[in-house]
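Biologist: Before we discuss particular residues, could you put the model in front of us and settle what we mean by the terms we use?

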Amino acid sequence: MLTVLSNRTYRRLFAAQVVALVGTGLATVALGLLAWDLAGGNAGQVLGTALAIKMVAYVTLSPVAQAFADRVSRRSLLVTLNLIRAIVAAALPFVTEVWQVYGLIFLLQAASAGFTPAFQATIPDVLPDEEDYTKALALSRLAYDLESLLSPMLAAALLTVVGFPVLFGGTVIGFAASAALVLSVTLPWPKPAEERGVWTRITRGSRIYLATPRLRALLALSFSAAAAGAMVIINTVVLVRQDLGLSDEALALTLAAFGAGSMVAALGLPRLLEAASDRQVMLVGTAGMTLALAGMGVTAAVYGLGWHWLLVAWFLVGAGYSAAVTPAGRLLRRSGHAEDRPALFAAQFALSHACFLITYPLAGWLQAAHGNVTAMLALAALSAIGLGAGARLWPRSDPIEIPHVHDDLPADHPHIASGPYHSHAYVIDDLHPRWPTDREMSRSV
């Protein structure tokens with residue numbers, strides 16, 4: 001897997017991702033302490049509102065940001081957005097009111113809504129070989145999981161010698177270092193073949209996304225991942241501290257079990273995806289995640305909640321989660337032209353976070369109103385619905401090249417120089433505004 005780091009450009013981009021993630025992890029810890037400092041017992045409400053602001057910014061602003069991303073080079077865009085994030089993080093230690101926190105968080109996440117999809121869309125252009133790109137996806141998943149484990153430990157170590165505002169300084173350093181690393185390389189900058197209107201640019205990614213069967217299935221599986229992930233992220237603290245009466249250390253270990261499962265799956269994915277299709281891996285991963293969550297709910301209902309069983313269940317949920325979401329970049333890569341990939345990645349970024357915008361509050365409400373067993377079983381049921389929809393929407397045969405016919409083009413159009421019945425790598429674009437039906441494909445054979 002590490003052989004992909006021999007590519008100088010990717011190596012520096014990966015380093016930029018890692019240092020930015022460390023900075024984000026430090027900010028997460030510092031933000032919780034800042035909320036406590038400003039709001040005391042209402043800190044949870046402040047953090048919940050900040051999380052909602054983050055999701056709303058991701059869902060609404062990501063497609064808008066990508067609509068204007070082709071106006072500047074990708075390198076300039078990524079560097080500028082990183083510097084904006086650094087400036088906002090530098091301002092956070094000086095806030096004195098909760099509303100100021102909300103405003104700065106919105107600015108920070110607005111910049112992230114532009115940065116993350118543009119960064120993700122750059123990697124397949126830097127690594128055109130699918131095997132290399134798969135390794136990069138696995139490394140990215142590992143980076144996210146390691147950040148969730150190591151950043152809190154780093155923050156805890158720093159807090160033994162400095163106050164929490166200094167953690168925001170670490171965030172500033174992370175974003176600034178990320179900007180410097182991006183600035184040190186030359187990045188590809190595919191530009192659209194023709195000028196399009198603002199609304200067309202904003203909606204192009206979602207239109208391509210929702211017109212492509214495998215990406216409609218990806219959205220369904222993203223909903224499954226959001227349902228299971230919300231149970232882990234939102235309710236683990238209640239399971240461990242309230243229901244089991246265990247310590248903060250036990251809480252950290254329980255969350256680490258989820259991260260460990262995700263990392264183990266990510267390590268095995270490059271080799272697994274050589275032997276099995278994306279569809280098989282992602283459906284099996286989603287099924288395993290769903291069954292693990294449902295099994296934990298049934299076990300807790302019948303035998304009571306046990307910590308060791310919870311550790312096993314969260315490990316399996318993490319492994320299934322990683323298998324379900326990590327190959328998503330491969331689907332996006334093969335579903336659009338290079339100039340459309342930023343819009344596609346932005347669509348996935350926005351739509352997947354819209355799923356979390358639904359499941360996060362639902363997980364908290366179900367736990368508070370009906371208890372953790374009901375929450376686990378209900379969220380497992382939602383995950384199963386997403387799994388069923390994904391399996392139905394994603395054709396078993398999903399070839400890259402699709403035979404099809406063009407009845408809508410004039411006979412002298414360059415695209416059909418070899419005839420109206422032809423086959424090529426099929427993606428939604430101006431010449432192919434919809435997916436061909438089975439009848440149309442069989443007609444062109």
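Modeller: Rings of Phe, Tyr and Trp, the last by its six-membered ring, are taken as a pair if their centres lie within 6.5 Å, and a pair counts as stacked if the planes are under 30 degrees apart. Please keep in mind that this is a predicted model.

Biologist: With that definition, how many aromatic pairs does a search of the whole structure find?

Modeller: The search covers the whole structure, and the number of aromatic pairs it finds is 6.

Biologist: Are the rings of F115 and F119 stacked or edge-to-face?

Modeller: Both residues belong to helix α4, which covers residues 98-126, and they lie 4 residues apart, about one turn of the helix. Their ring centres are 5.6 Å apart, and because the planes meet at 20°, the pair is stacked.

Biologist: Is F115 buried or exposed, and which residue has its charged end over the ring of F115?

Modeller: The relative accessibility of F115 is 6%, so this residue counts as buried; its partner F119, at 8%, therefore counts as buried too. Over the ring of F115, at 4.3 Å from the ring centre, sits the charged end of R85.

Biologist: Elsewhere in helix α4 there is D125; with which side chain does the side chain of D125 make a polar contact?

Modeller: D125 has a relative accessibility of 19%, and since the cut-off for buried is under 20%, D125 counts as buried. Its side chain makes a polar contact at 2.8 Å, and the partner is the side chain of R74.

Biologist: Turning to helix α1, how far apart are its end C-alpha atoms, and what span should its residues give?

Modeller: Helix α1 runs over residues 8-39, and at its start a side-chain oxygen of N7 comes within 3.1 Å of the backbone nitrogen of T9, while G40, with a positive phi near 60°, follows the helix. Its 32 residues, at 1.5 Å a residue, should span 46 Å, and the distance between the end C-alpha atoms agrees, being 46 Å.

Biologist: For the protein as a whole, what is the radius of gyration?

Modeller: The protein contains 15 helices and 2 strands, and its C-alpha atoms fill a box of roughly 70 × 50 × 40 Å along the principal axes. Of contacts between residues at least 6 apart in sequence, 82% join residues at least 24 apart, and 50% of the 445 residues are buried. A compact globule with 445 residues would have a radius of gyration near 22 Å, which agrees with the value for this protein, 23 Å.

Methods. Residues are numbered from 1 along each chain as its sequence is written. This is a predicted model: local features need pLDDT of at least 70, side-chain atom pairs count only at pLDDT 80 or more; totals for chains, interfaces and linings use all residues. Side-chain values use heavy atoms; hydrogens and water are left out. The expected span of a helix is 1.5 Å times one less than its number of residues. A polar contact is a pair of N or O atoms within 3.5 Å; within protein, one must be able to donate a hydrogen and the other to accept it, and residues adjacent in sequence count only if both atoms are side-chain atoms. Rings of Phe, Tyr and Trp (its six-membered ring) pair if their centres lie within 6.5 Å; planes under 30 degrees apart count as stacked, over 60 as edge-to-face and the rest as tilted. Buried means under 20% relative accessible area, exposed over 50%, partly exposed in between (1.4 Å probe, protein chains only). A charge sits over a ring if NZ of Lys or CZ of Arg is within 6 Å of the ring centre and within 35 degrees of the ring normal. The radius of gyration is taken over C-alpha atoms; the globule rule is 2.2 Å times the number of residues to the power 0.38. Contact means heavy atoms within 4.5 Å.
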